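Let's take a walk through this chain, helix by helix. Have the sequence and the model open as you read.

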Amino acid sequence: MKIPGLSFSWKRALGVTHLKREFTKATGIPTTKSGVERKIGSAIIKTVFKKK
């Protein structure tokens, strides 16, 4: 049973979240599943509908 308003994230405590954010900002490569899917989908659409 969880206590409302009290949560603990071991990833935030160890700095994993911060490292992932820095990596994403520096490289432009998303680290989430939805972000990767969105980026790949965007690249495919740009390729298919490329203006000549």
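## Helix H2 and what follows

Start with helix H2, residues 16-27. Its twelve residues reach 16 Å from the first C-alpha to the last, close to the 16 Å expected at 1.5 Å a residue. Keep in mind that this is a predicted model.

Just after H2 comes glycine 28, which takes a positive phi of about 80 degrees. Further on, in the loop between H2 and H3, you'll find threonine 32. The side chain of threonine 32 reaches the backbone nitrogen of glycine 35, at 3.1 Å. Threonine 32 counts as partly exposed because its relative accessible area is 44%, which sits between the 20% and 50% cut-offs. Looking back along the chain, lysine 20 is twelve residues away from threonine 32 in sequence, and their C-alpha atoms are 9.5 Å apart in space.

## The chain as a whole

Zooming out, the chain has three helices and zero strands. Read from the N terminus, that gives a plain α-α-α order.

How does the radius of gyration of the chain compare with that of a compact globule of 52 residues? The chain comes in at 17 Å, while such a globule would be near 10 Å. The C-alpha trace spans about 55 × 25 × 10 Å along its principal axes.

Burial is scarce on these numbers: 4% of the 52 residues count as buried. The chain exposes about 5,400 Å², and 65% of that is supplied by carbon and sulfur atoms.

## Before helix H1

Over on the N-terminal side, serine 9 sits in the segment before helix H1 (10-14). Is serine 9 buried or partly exposed? Serine 9 counts as partly exposed, because its relative accessibility is 33%. For a sense of reach, take lysine 39, which is 30 residues from serine 9 along the chain: the two C-alpha atoms are separated by 27 Å.

## Helix H3 and its nonpolar patch

Helix H3 covers residues 33-48, and isoleucine 45 lies in it. Isoleucine 40 is found in H3 too. With a relative accessible area of 48%, isoleucine 40 is partly exposed. Between isoleucine 40 and threonine 27 there are 15 Å in space, C-alpha to C-alpha, for a sequence separation of 13 residues.

Which residues make the nonpolar surface patch? Val36, Ile40, Ile44, Ile45, Val48 and Phe49 do, and the patch comes to about 610 Å². Isoleucine 40 can be a patch member because its 48% relative accessible area is over the 30% that membership asks for.

Note on methods. Residues are numbered from 1 along each chain as its sequence is written. This is a predicted model: local features need pLDDT of at least 70, side-chain atom pairs count only at pLDDT 80 or more; totals for chains, interfaces and linings use all residues. Side-chain values use heavy atoms; hydrogens and water are left out. Patches are made of residues with over 30% relative accessible area and no salt bridge: like charges are joined within 9 Å, nonpolar side chains (Val, Leu, Ile, Met, Phe, Trp, Tyr) within 5 Å. Accessible areas come from the Shrake-Rupley method with a 1.4 Å probe; for residues, only the protein chains shown count as cover. A salt bridge is a side-chain nitrogen of Lys or Arg within 4 Å of a carboxyl oxygen of Asp or Glu. Helices (H or I, at least four residues) and strands (E, at least two) are DSSP runs, numbered from the N terminus. The radius of gyration is taken over C-alpha atoms; the globule rule is 2.2 Å times the number of residues to the power 0.38. Buried means under 20% relative accessible area, exposed over 50%, partly exposed in between (1.4 Å probe, protein chains only). The expected span of a helix is 1.5 Å times one less than its number of residues. A polar contact is a pair of N or O atoms within 3.5 Å; within protein, one must be able to donate a hydrogen and the other to accept it, and residues adjacent in sequence count only if both atoms are side-chain atoms.
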